[in-house]
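Please open the model in a viewer and keep the sequence beside it. The tour proceeds by selections, each followed by a short account of what is found there.

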Amino acid sequence: MAKDSKVEFEASSHNIRSKRIDVKGEVDVNSAPVLLEQIQNAIKKRYEVIIINLKDVTRMDSAGVAVLIEGINEARKEKIILSLAEVSKPAQQVLEMARVDKLFQVSGKNYLPPQA
């Protein structure tokens, strides 16, 4: 029996050129495919910038990291910028542990890049 997903997605267009996807809750093996679908739909619609807001992510596992990596790779192939905004502490920790935090453009007050 599949566990119910605890993540919610809310997509909004700031304007015709950018798309923001707000992610809430847990990004895990159950919910990550939904996020990937949201990213792929935004890529298909040819937005110039896709912003994934991770402010309200309470937990992320390797499936969430894999989806973000796949999303950024697909976006780059189409010359689309995929960036993360307001990365929550749980999401930031997983991205750093997986050593992929530097792959993404990150904006927002919650994220403090590691000191060089």
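In which strand is the place of E26? Select E26: this residue belongs to strand β2. This is a predicted model, in which local features need pLDDT of at least 70 and side-chain atom pairs count only at pLDDT 80 or more, while totals for chains, interfaces and linings use all residues. Residues are numbered from 1 along each chain as its sequence is written, and side-chain values use heavy atoms, with hydrogens and water left out.

**The whole chain**

Colour the chain by secondary structure. Three helices and five strands appear; helices (H or I, at least four residues) and strands (E, at least two) are DSSP runs, numbered from the N terminus. Along the sequence they follow the pattern β-β-α-β-α-β-α-β. Of the 116 residues in the chain, 42% are buried, where buried means under 20% relative accessible area, exposed over 50%, and partly exposed in between (1.4 Å probe, protein chains only).

**E26 and S31**

Return to E26. Because its relative accessible area is 15%, E26 counts as buried. Its side chain is joined to that of R59 by a polar contact of 3.5 Å. A polar contact is a pair of N or O atoms within 3.5 Å; within protein, one must be able to donate a hydrogen and the other to accept it, and residues adjacent in sequence count only if both atoms are side-chain atoms.

Next select S31, in the loop between β2 (18-27) and α1 (32-44). Is S31 buried or exposed? S31 counts as buried because its relative accessibility is 0%. The side chain of S31 reaches the backbone oxygen of E26 at 2.8 Å. Now add G64: its C-alpha atom is 8.2 Å from that of S31, although the two residues are 33 apart along the chain.

**The paired strands**

Show β2 and β3 together. They pair in the parallel sense over nine bridges; two strands pair if DSSP finds at least two bridges between them. To locate one bridge, select D22, whose partner in β3 is N53. With α1 added, β2 and β3 make a right-handed β-α-β unit. Right-handed here means that, with the strands pointing away from the viewer, the path from the first strand over the helix to the second runs clockwise.

Move on to β4, where four of the five residues are buried. β3 and β4 pair in the parallel sense over five bridges, and I51 has S83 as its bridge partner in β4. The chain passes from β3 through α2 to β4 in a right-handed β-α-β crossover.

Finally, add β5 (residues 105-107), which pairs with β4 in the parallel sense over three bridges. Here the bridge partner of A85 is S107. The crossover from β4 through α3 to β5 is also a β-α-β crossover and is right-handed.

**The nonpolar core**

Which residues have the most contacts inside the largest nonpolar core? Select I52, L54, M60 and L68, which hold that place in a core of 30 residues. A nonpolar core is a set of buried Ala, Val, Leu, Ile, Met, Phe, Trp, Tyr and Cys residues joined through side-chain atoms within 4.5 Å. At least two residues of this core come from each of β2, α1, β3 (49-60), α2 (62-77), β4 (81-85) and α3 (89-97).

End at I52. Leaving aside its neighbours within four places in sequence, I52 is in contact (heavy atoms within 4.5 Å) with residues including I21, V23, I39, L68 and L82.
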